[in-house]
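Got the viewer open? Here's a short walk through some side-chain contacts, one selection at a time.

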Amino acid sequence: MTREVRAFAVTVLILATLGVAAGLSWSAISPRAPYQVTEHGLVLADLTTQALIAADGWFAVITGALGLLCGGLAWFAGRRWMLAVLLGLCAGGVAGSFLTLWAGSTFTVGTVVVEAAAEPGVRIVPGALKLTAEGVLVAWPLLAVGLFGLLEGMHGYRESPLRHPYGIEP
């Protein structure tokens with residue numbers, strides 16, 4: 001039982017650590033929406049900006065790629081403790097997504113500002129990186145568990161007696 005708990009904990013810790021690194025890379029490559037400084041606070045400078053959507057897209061690409069990578073590596077490395085590793089992928093993927101969101105919106109690694117269509121002399125500042133489509137938070141655990149299940153299903157079918165129901169070998 002302790003080996004299963006250890007496999008679960010190691011999986012969650014690895015994915016959580018990857019979440020912080022993913023957040024820093026998300027912060028480095030995602031564009032920031034331009035905001036105009038007014039006497040009432042910050043106002044979105046360009047209402048037609050695609051920077052908010054691009055930040056969500058980069059989040060989905062980074063966490064989705066990590067989900068596929070983690071799902072494949074976990075299936076190859078954790079064959080002895082399937083259930084513990086699978087549960088670790090699920091919990092670690094959720095933790096990794098939230099840590100990616102936290103690290104990316106807390107630390108500013110790079111500031112890619114989309115130019116705003118504002119009048120000359122107006123002060124434009126880059127906005128904070130945030131996630132507007134919260135559904136992309138499930139990309140990491142969903143793709144990790146999905147690939148893990150797909151690989152296990154293909155492997156199980158290959159070794160299954162149902163593949164040759166009448167005992168006839170091809």
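Which residue forms a salt bridge with Arg79? Select Arg79 and Glu152 together: Glu152 is the partner, with the closest N and O atoms 3.7 Å apart. Keep in mind that this is a predicted model. That 3.7 Å gap makes the cut because a salt bridge needs the nitrogen within 4 Å of the carboxyl oxygen. Don't go hunting for others, as a search of the whole structure finds one salt bridge.

Now color the surrounding elements. Arg79 sits in the loop between α2 (51-77) and α3 (82-106), while Glu152 is in helix α4 (residues 139-158), so the pair ties together parts that are 73 residues apart in sequence. Switch on a surface and you'll find Arg79 partly exposed, at 32% relative accessible area. Glu152 is partly exposed too, at 28%.

Next, the aromatics: the structure holds three aromatic pairs. Start by selecting Trp26 and Phe59, an edge-to-face pair with 5.0 Å from centre to centre and 75° between the planes. This pair links distant parts of the chain, with Trp26 in helix α1 (residues 2-29) and Phe59 in helix α2, 33 residues apart. Hide the surface for this stop, since both Trp26 and Phe59 are buried.

For the last stop, pick Trp102 and Phe107. Their rings also form an edge-to-face pair, with centres 5.5 Å apart and planes at 85°. Bring the surface back here: Trp102 is partly exposed at 46% relative accessibility, and Phe107 is partly exposed at 39%.

Methods
Residues are numbered from 1 along each chain as its sequence is written. This is a predicted model: local features need pLDDT of at least 70, side-chain atom pairs count only at pLDDT 80 or more; totals for chains, interfaces and linings use all residues. Side-chain values use heavy atoms; hydrogens and water are left out. A salt bridge is a side-chain nitrogen of Lys or Arg within 4 Å of a carboxyl oxygen of Asp or Glu. Helices (H or I, at least four residues) and strands (E, at least two) are DSSP runs, numbered from the N terminus. Buried means under 20% relative accessible area, exposed over 50%, partly exposed in between (1.4 Å probe, protein chains only). Rings of Phe, Tyr and Trp (its six-membered ring) pair if their centres lie within 6.5 Å; planes under 30 degrees apart count as stacked, over 60 as edge-to-face and the rest as tilted.
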